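User: Please take one residue of this structure and look at it closely. Then place it in the wider setting of its chain and of the whole assembly, for someone who has not seen the structure before.

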There are 2 protein chains.
Amino acid sequence: MKEILEKPPTVEGATGPQKGAGYPPIERRSSTFDPKVLQRVLDGDHVEIRNWVKQLITQPEFRYYDGNDMAVQRRQVVSWTKRIADAGIGRIFLPRSLGGEENVPKFMAAFETLTFHDISLVIKLGVQFGLFAGSVQQLGSEYHHQKYLPDAAAAKLMGCFAMTEIGHGSNVQCLETTAVYDRANDCFVLDSPTYSAGKNFIGNAADDGRLATVFAQLEVNGQKHGVHAFVVSIRDEHGSPFPGVTIEDNGLKMGLNGVDNGRIWFDHVKVPRVEMLNRFANVTVDGQYRSDIQSQTARFFTMIGTLVSGRISMAATANSAAKSALTIAIRYAARRRQFGAPRASQETLLLDYSGHQRRLCPLLANVFALDFALKYLIEQKETAHTGSSRPLETLAAGLKAFTTWNTTQTIQTCREACGGEGYMAVNRLSALKADTDICTTFEGDNTVLMQLVAKNLLSDFKEKLKEMRPAQMAGFFVDQRLTAIAKRNPALTLNIVERHLRDADFQLMMLRLRETTTLFSAAQKFRYLTARRKLDPYAAFARMQRELLELAYAHVERVILERFAQAISTVQSPPVKQALKRLCDLFALSRIELHKGWYLEHGSLTGLKSAAITRTVDKLCQEVRQDAVQLVDSFGIPDSCLAAPIAL
Amino acid sequence: MKEILEKPPTVEGATGPQKGAGYPPIERRSSTFDPKVLQRVLDGDHVEIRNWVKQLITQPEFRYYDGNDMAVQRRQVVSWTKRIADAGIGRIFLPRSLGGEENVPKFMAAFETLTFHDISLVIKLGVQFGLFAGSVQQLGSEYHHQKYLPDAAAAKLMGCFAMTEIGHGSNVQCLETTAVYDRANDCFVLDSPTYSAGKNFIGNAADDGRLATVFAQLEVNGQKHGVHAFVVSIRDEHGSPFPGVTIEDNGLKMGLNGVDNGRIWFDHVKVPRVEMLNRFANVTVDGQYRSDIQSQTARFFTMIGTLVSGRISMAATANSAAKSALTIAIRYAARRRQFGAPRASQETLLLDYSGHQRRLCPLLANVFALDFALKYLIEQKETAHTGSSRPLETLAAGLKAFTTWNTTQTIQTCREACGGEGYMAVNRLSALKADTDICTTFEGDNTVLMQLVAKNLLSDFKEKLKEMRPAQMAGFFVDQRLTAIAKRNPALTLNIVERHLRDADFQLMMLRLRETTTLFSAAQKFRYLTARRKLDPYAAFARMQRELLELAYAHVERVILERFAQAISTVQSPPVKQALKRLCDLFALSRIELHKGWYLEHGSLTGLKSAAITRTVDKLCQEVRQDAVQLVDSFGIPDSCLAAPIAL
């Protein structure tokens, strides 16, 4: 055959246009900044662990497997898990009392970097370290730490986090599994009273887990105390389930087939009393229930609140995956040519089409914006004095939902932007899509989380109003009216010069305006439904889910923009600062453009100004396009992780 | 183990909540209409073939395979293909001269129904019957029909449609493969001069194809005549590629792994002169090029235009897949309960949450709207006197893009609406998602197709203006201004009563307004860019891709609404008519709501009216929710095809 066919593709199974076939190398000309400098900004304080992880995942044993055999994928993920545990990653999160660093931000940075490699692996590690070991650490006491954490951190003792049930996913308070204290045997009797009480989608359950943190309704001396967690042995060292434990494989999934999800039912399984994770509540030797938190609801939310880390790492993982997808799509668009002017010497780059810029550049801006917002969230998690607090919970829930939805949209758009090549498994967008698709569901269904965000905001608002004295309150409502008038201020609504639209204060003002207005009107509607229509709060909220979602989005977007602007202000290098400011402008204005219907409806945009914003978004997309290749270079994703022939 | 665990799930590997586990059977109470009557409306003229296909695909040999081994999937799809060909499906499309029915609408109905079963199978059949046999039939002459069609229709002779190349997907006019006429040997020499000239993503290429319709640049006596099609033998009867033909497997894909896509390169392969598909152009015995169509461009578009059927069946397939996804998600939501009022006897159905209704009901309305629009498109195809015409091309391109994007969004939303269950392979949303994802790319990339729609509309507009005498033209522009004034008519813009919003005339007026306004402003922008800024048309269009997309959407939406309203007017049964009118209102108002930013920006909606539309959409979602289970029942999808345990 021809010489051109004899050349093996650079990567096994490569399908993309090959070098020398008329495609120029990826443009890295006309750089307005040095991607290495931006990468340092993104790597932040944890550059060392990021480099350590990259060194590890670029070793030959981390080579991707080309097929899709579930058994092979699972075995591979287990061996990678052991390899990473052997390299000592567990030390990062272990408590200091056990010789660990107890450094959650560092652990998150490791996770973000591992995502560049394989998401099944990240989820497996998340189940083992974050959920299983994390629940033992957060909900248990010294006894449990000593007994379980060292082996869990070394991945010698694999464990599950058995919360979700077949019948109850989001509504954890209504779990059916029971744990009845049996005083005679000083143990709890764990039981799944129905089929739907079976624990479901439990990672590590189908194959590898020997232990499980099981959430069940505690009953002591005939009294119900709500959901509590217990460490339960589910398999012996040979892998056989213990008597009374029934395990079923969840089987093939859309993605994440390297993770062994399964269902677990318990038939009157005896669990020693000391295996109750007793940080927040305990059953004493003499069979008495004790807790420092009096309200059952407060206790429940304290326990659940400790799981906020799961939401944070889910968001971080999702954003990393979006970075991989954008790197692939932008590098492809910077090399792939299609159509062109009648007499042009070559066809036009996809990235030079205004439509293509419009598809990819705002998504690139989102990923950067979220990167800084997630860094802020991780900081807040560190400074929150107890395990959780309402502001932290709100922030984590909102960012988890926003980020994971953004990732779903981003990967989908990248797939389409790469055409048929995007559909080929070898180009990895299909794995990214399939593996991250569930991120919008687990660690809290996004729609449920967004409602939580909105409800928390409404509660805060109510408390604020309560604290106000009547005179202040009157003043507050006057303020609201003034805002309403201000937003109709002609000097503002008629100003369409670009400098004004690209002014951070204008942008923030617009996002704040939307947040306060939606908050105020949701509060009014809630009051109307409860006071006038006599609905209970549950029914009132169920009626206004559209408004709650709108409020939650408005809140999260305002927070993201604020953090992005704040982060830019700390950047030293002027060219990097400028590149980030362009992205920040694009983020802010494309969000305003997305919600232009709302702004126009509320009289805070005129038709003329709305059209001017659209033109500015067009222009910003062109500007960001100039930096696009360098921007994705700054993510610092190793080539062996990207792997996609169309991106190399 | 417990009795509840011993009961085998009704479907192998079932994961969903089981009957008797506290979940009531799906509601079919409070029916406002009989789904069987609506099904007759949807089945239309082709109820017989639909039932015939359903009978076939519910046979035991069409049982789904649970795994994801590509080789097994491919073998299964081949055996299904043979089974369907043996049953005689080929007769439907074969020309009457060969004893066939030559009935394309009936064939499309068969395809729509087959989609309920498996999309790999539909694509395999589409490649074999629609693309390969279809190209022979449409582009060839009696010689080719006699020689190839009977065996192709019986699936005894498998063939490929080799148009797309590695380097050229959308830009077919720039294909690199050459076919040079060799007079001495009375043949064409087919050649792939570069790696990127390789045919790519070709169905039937990797394993089964023995023939291929190959598109190549024809050169006769040193003169280039553009792209033409040739029937080329690529494999012998034992499956070995012929000398000079190199075939590579495309390997694993995101979905459609039952279809054997591959790449093909030709190294100076000799193709007898008579194997050129010569309906529109021919090379005579004495080596002269002859065509009745003088312009090379016109000839190209005539040949390509015959492929409009591919786009139509792609749209029909995508809409069928959306029906399957909605059936699964709505049946699940009509049984699954989560959260509830504090003292309620049971939790609330997902389908009773306003947020859930908002997610699913507008998508249900879209699917119905598209069903009628696609029926109209198929009718138009039948009445178009030649193979193609610009209005038909515009309609097919627009509906293909709109429908396939709608399907991607619908299946994604359904997956999320089913939570973790939606992620399990057994519930089939993952296969639906993966298999249909490429629909937005093949048979024409959607973004390219939408630009084609807009450009066609602009050309029509230009011709219309040209035909006008100056006096008429002045009148036309005055009309435009009058429209502009009319849309600010306070009686109209201030009318927010529900009856007005649900009036078909108001809805159509709004969609028409958007179409004409976007058309007019795109024409102005094009004129500005070409006349004032001196850009060539290519460059001008490249600059205004956002505007073109907006125009194309506005056009397609107006057509869909018109067809929906028209179809409703022919329905006899009053309750069915009412149910469809609710869906039609929801379609129209949710599109206006989606574009409220545009309407407000252009002064054709006031803030008050926009808010009223949102409230009416909320209300319509509640109304459609009452019919939801019956509406999806009316799709008539066999249970064995749905297969998803959560839907049964």
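Analyst:
**One residue and its setting**

Asn406(B) has 20 other C-beta atoms within 10 Å and is buried. Since a residue counts as buried from 20 such atoms upward, this count is enough. The model is a predicted one.

The residue belongs to helix α12 of chain B, which runs over residues 390-417. Setting aside residues up to four places away in sequence, Asn406(B) touches Ala322(B), Asn366(B) and Leu370(B). As a distance along the same chain, Leu432(B) can serve: it is 26 residues from Asn406(B), and the two C-alpha atoms are 13 Å apart.

Another helix of chain B is α6, residues 104-115. At 1.5 Å a residue its 12 residues should span 16 Å, and the end C-alpha atoms are 16 Å apart, so the two values agree. Nine of the 12 residues of α6(B) are buried, and the helix is therefore largely enclosed by the rest of the structure. Among the buried ones are Phe107(B), Met108(B), Phe111(B) and Leu114(B), and also Glu112(B) and Thr113(B). What do these buried residues pack against? They pack against α3 (47-57), α5 (90-93), α7 (119-139), α10 (308-333) and α11 (354-383), each in chain B.

Two loop residues of chain B have a backbone angle worth a look. Arg428(B) sits in the loop between α13 (419-423) and α14 (429-436). Its phi is near 65°, which is positive although the residue is not glycine. Arg428(B) has 22 C-beta neighbours inside 10 Å and so counts as buried. Lys534(B) lies in the loop between α19 (504-532) and α20 (537-543) of chain B. Its phi, near 60°, is also a positive value in a residue other than glycine. With 9 other C-beta atoms within 10 Å, however, Lys534(B) is exposed.

The nonpolar interior comes next. The largest nonpolar core has 380 residues, and Phe230(A), Leu364(A) and Phe230(B) touch the most other members. Apart from neighbours within four places in sequence, Phe230(B) is in contact with Ala179(B), Phe188(B), Leu190(B), Val214(B), Ala216(B), Val271(B), Glu275(B), Met276(B) and Leu277(B).

How is chain B placed relative to chain A? A turn of 180° with a shift of 0.0 Å along the axis lays chain B on chain A with an RMSD of 0.0 Å. This is the relation of a two-fold axis. The C-alpha of chain B nearest that axis belongs to Gly597(B), at 1.7 Å. Both copies use the same surface, since 99% of the contact residues of chain B recur in chain A. The contact involves 74 residues from chain B and 73 residues from chain A. On the side of chain B, 27 of these are nonpolar, 31 polar and 16 charged.

Now to chain A itself. It has 25 helices and 11 strands. Its radius of gyration is 26 Å, close to the 26 Å that the globule rule gives for 648 residues, so chain A is as compact as a globular protein of that length. Along the principal axes, its C-alpha atoms fill a box of roughly 90 × 80 × 40 Å. Of its 648 residues, 53% count as buried. Among contacts in chain A with a separation of 6 or more, 75% join residues 24 or more positions apart.

Two residues of chain A illustrate distances in sequence and in space. Val571(A) is in the loop between α21 (545-569) and α22 (574-594). It has 17 C-beta neighbours inside 10 Å and counts as partly exposed. Leu38(A) is 533 residues from Val571(A) in sequence, yet their C-alpha atoms are 9.2 Å apart. Beyond four places in sequence, Val571(A) touches Val41(A), Val576(A), Lys577(A) and Leu580(A).

Asp260(A) lies in the loop between β7 (245-249) and β8 (262-266). It counts as buried, with 27 C-beta neighbours inside 10 Å. Its contacts, not counting residues up to four places away, are Arg74(A), Asn204(A), Ala205(A), Ala206(A), Asp207(A) and Asp208(A). His356(A) is 96 residues from Asp260(A) along the chain, and their C-alpha atoms are 39 Å apart.

To return to the starting point, Asn406(B) is a buried residue in helix α12 of chain B, and Asn366(B) is one of the residues it touches.

Notes: Residues are numbered from 1 along each chain as its sequence is written. Chains are lettered from A and ligands numbered from 1 in the order in which they are written. This is a predicted model: local features need pLDDT of at least 70, side-chain atom pairs count only at pLDDT 80 or more; totals for chains, interfaces and linings use all residues. Two residues are in contact if their C-beta atoms, placed from the backbone, lie within 7 Å. Ala, Val, Leu, Ile, Met, Phe, Trp, Tyr, Cys and Pro count as nonpolar, Asp, Glu, Lys and Arg as charged, and the others, Gly among them, as polar. Copies are superposed by least squares on the C-alpha atoms of residues with pLDDT of at least 70 in both. A nonpolar core is a set of buried Ala, Val, Leu, Ile, Met, Phe, Trp, Tyr and Cys residues joined through C-beta atoms within 7 Å. Helices (H or I, at least four residues) and strands (E, at least two) are DSSP runs, numbered from the N terminus. The radius of gyration is taken over C-alpha atoms; the globule rule is 2.2 Å times the number of residues to the power 0.38. The expected span of a helix is 1.5 Å times one less than its number of residues.
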